[in-house]
Amino acid sequence: MKFDVKAASILSFALFAFTPMALAQMGAPTNRCDAKPRAGIDWHGCDLSHQDLSGVDLQGANLQGAKLSAAKLRGANLSKSNLREAELLGADLQNVDFSGADLRGAFLTKAQLGNNNFEGTLLEGAYFNNFQVCAVGSVGACK
């Protein structure tokens, strides 16, 4: 049997390259729900209830289906973010910029709203404080 040096080199590289330690050294992502807040973050489906995200720039973030109940988001930038079916029950949403965001089917019941920018925000099917469900075609205001 002939020993193939090239094949052995490729195999040893592959075995090393995909070990957990090598992946960690290459910057493999940890749990995305534990990532530090930043614009464009992917926190879809994460439980961020009771988190203090006041004033944070989450522009363009993916928060679809995220749980943000009782979270503090006062003054946050959520413009152009995906908040479809997100739970914002009892959240502090005062002074939040939602411009161009997708809030379709989101739950905002008992949320603290005030001085918000909803310009171009998709609100169809969103649930607001008075249990009003926004009608089909609601953009920028709940109809």
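F128 is buried in this predicted model, with a relative accessible area of 11%. That phenylalanine is a good way into the structure, since F98, F118 and F128 form one aromatic cluster. Here's a quick tour, starting with the rings and then moving to S69 and the chain as a whole.

**The aromatic cluster**

- The count of aromatic pairs comes to 3.
- One of them is F98 with F118: the ring centres sit 5.1 Å apart and the planes meet at 5 degrees, so this pair is stacked.
- F98 and F118 are 20 residues apart, and the pair links distant parts of the chain, with both residues in the segment after helix 2.
- Buried or exposed, what are F98 and F118? Both of them are buried.
- F118 also pairs with F128, this time edge-to-face, at 6.3 Å centre to centre and with 70 degrees between the planes.
- That second pair also links distant parts of the chain: F118 and F128 are 10 residues apart, each in the segment after helix 2.
- For F118, the relative accessible area is 16%, which falls under the 20% cut-off, so the residue counts as buried.
- F128, at 11%, is under that cut-off too, and is therefore buried.
- If you're wondering how to read these numbers, a pair of aromatic rings is described by the distance of the centres and the angle of the planes.

**S69 and its surroundings**

- S69 is another residue in the segment after helix 2, a helix that spans 20-25.
- Why does S69 count as buried? Its relative accessibility is 15%, and buried means under 20%, so S69 qualifies.
- Which residues does S69 touch, leaving out those up to four places away in sequence? The list is S49, H50, E87, L88 and L89.

**The chain as a whole**

- On secondary structure, the protein chain comes to 2 helices and 0 strands.
- Of the 143 residues in the protein chain, 31% are buried.
- Take the contacts between residues at least 6 apart in sequence: 0% of them join residues at least 24 apart.
- About 8,400 Å² of the protein chain is exposed, and carbon and sulfur atoms supply 57% of that area.

Note on methods: Residues are numbered from 1 along each chain as its sequence is written. This is a predicted model: local features need pLDDT of at least 70, side-chain atom pairs count only at pLDDT 80 or more; totals for chains, interfaces and linings use all residues. Side-chain values use heavy atoms; hydrogens and water are left out. Helices (H or I, at least four residues) and strands (E, at least two) are DSSP runs, numbered from the N terminus. Buried means under 20% relative accessible area, exposed over 50%, partly exposed in between (1.4 Å probe, protein chains only). Contact means heavy atoms within 4.5 Å. Rings of Phe, Tyr and Trp (its six-membered ring) pair if their centres lie within 6.5 Å; planes under 30 degrees apart count as stacked, over 60 as edge-to-face and the rest as tilted. Accessible areas come from the Shrake-Rupley method with a 1.4 Å probe; for residues, only the protein chains shown count as cover.
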